[in-house]
Amino acid sequence: MSRLSGTWGEAQVAAYLRKKGYTLLAHSYRCRFGEIDLIAKKGSVVCFVEVKLRSHTEFGLPREAVTPRKQEKLRKTALLYLSQHELDCPTRFDVAEVYAEADSGRARIEYLENAF
């Protein structure tokens, strides 16, 4: 997928989260350790969201692309974000699978809380 389609997928998930009552704190947060697609908050919990966009599952489920190495990078990046923003609160790591429907401009989202 291209960066443009990845951005589209992230926008779909951001809208989904807002509808579910989340407050978005950051989009495409980057630091020396890596990038977190979306950072959101619901209640007192800060959620670090990895978005995976696919048009098919021929090569596996999107969640399978969040490897142990990627998870470690996300954890380090999240710790830096929490430190920079002086946050001491519960956190979790979620994965949002976005299935793009061919030529319709629509998406189906499978949202996995506490994915790892």
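How many residues stand between strand 2 and strand 3 in their hairpin, and which residue in the turn has a positive phi? There are two residues between the strands, and Gly43 in the turn has a phi of about 65 degrees. Let us keep that turn in mind and walk through the rest of the chain.

A word on the ground rules comes before the tour. This is a predicted model, in which local features need pLDDT of at least 70 and side-chain atom pairs count only at pLDDT 80 or more, while totals for chains, interfaces and linings use all residues. Residues are numbered from 1 along each chain as its sequence is written, and side-chain values use heavy atoms, with hydrogens and water left out.

Here is the overall plan. The chain has two helices and five strands, where helices (H or I, at least four residues) and strands (E, at least two) are DSSP runs numbered from the N terminus. Follow the sequence and you meet them in the pattern α-β-β-β-α-β-β. The C-alpha trace spans about 45 × 30 × 25 Å along its principal axes. For 116 residues, a compact globule would have a radius of gyration near 13 Å, and the 14 Å of this chain agrees with that. That radius is taken over C-alpha atoms, and the globule rule is 2.2 Å times the number of residues to the power 0.38.

How much of the chain is covered? Of the 116 residues, 39% count as buried; buried means under 20% relative accessible area, exposed over 50%, and partly exposed in between, with a 1.4 Å probe and protein chains only. The accessible surface comes to about 6,800 Å², and 49% of this belongs to carbon and sulfur atoms. Such areas come from the Shrake-Rupley method with a 1.4 Å probe, and for residues only the protein chains shown count as cover. Residues 24 or more positions apart account for 53% of the contacts with a separation of 6 or more, a contact being heavy atoms within 4.5 Å.

Now for the strands. Strand 1 (residues 23-31) pairs with strand 2 in the antiparallel sense over seven bridges; two strands pair if DSSP finds at least two bridges between them. One example is Arg30, whose bridge partner in strand 2 is Glu35. These two strands also form a hairpin, with two residues between them. Strand 1 holds Ser28, where phi is near 55 degrees, a positive value in a residue other than glycine. Most residues other than glycine have a negative phi. Ser28 is buried, with a relative accessible area of 15%.

Strand 2 (residues 34-42) is mostly covered, with seven of its nine residues buried. On the far side of the turn that opened this tour comes strand 3 (residues 45-54), which runs antiparallel to strand 2 and is joined to it by five bridges. Leu38 has Val49 of strand 3 as its bridge partner. Val49 in turn has Asp94 of strand 4 as a bridge partner. Strand 3 and strand 4 pair in the parallel sense over nine bridges. Eight of the 10 residues of strand 4 are buried, so this strand is largely enclosed by the rest of the structure.

Which residues does Thr91 of strand 4 touch? Leaving aside neighbours within four places in sequence, Thr91 is in contact with Val45, Val46, Phe48 and Leu82. Thr91 and Val46 are 45 residues apart in sequence, yet 4.7 Å apart in space, C-alpha to C-alpha. At 35% relative accessibility, Thr91 counts as partly exposed.

Our last stop is the loop between helix 2 (68-84) and strand 4 (91-100), where Cys89 is found. Cys89 is partly exposed, with a relative accessible area of 23%. Not counting residues up to four places away in sequence, Cys89 touches Ser44 and Val46. From Cys31 it is 58 residues away in sequence and 21 Å away in space, C-alpha to C-alpha. Glu86 lies in this loop between helix 2 and strand 4 too, and its phi is near 50 degrees, a positive value in a residue other than glycine. Glu86 is exposed, with a relative accessible area of 73%.
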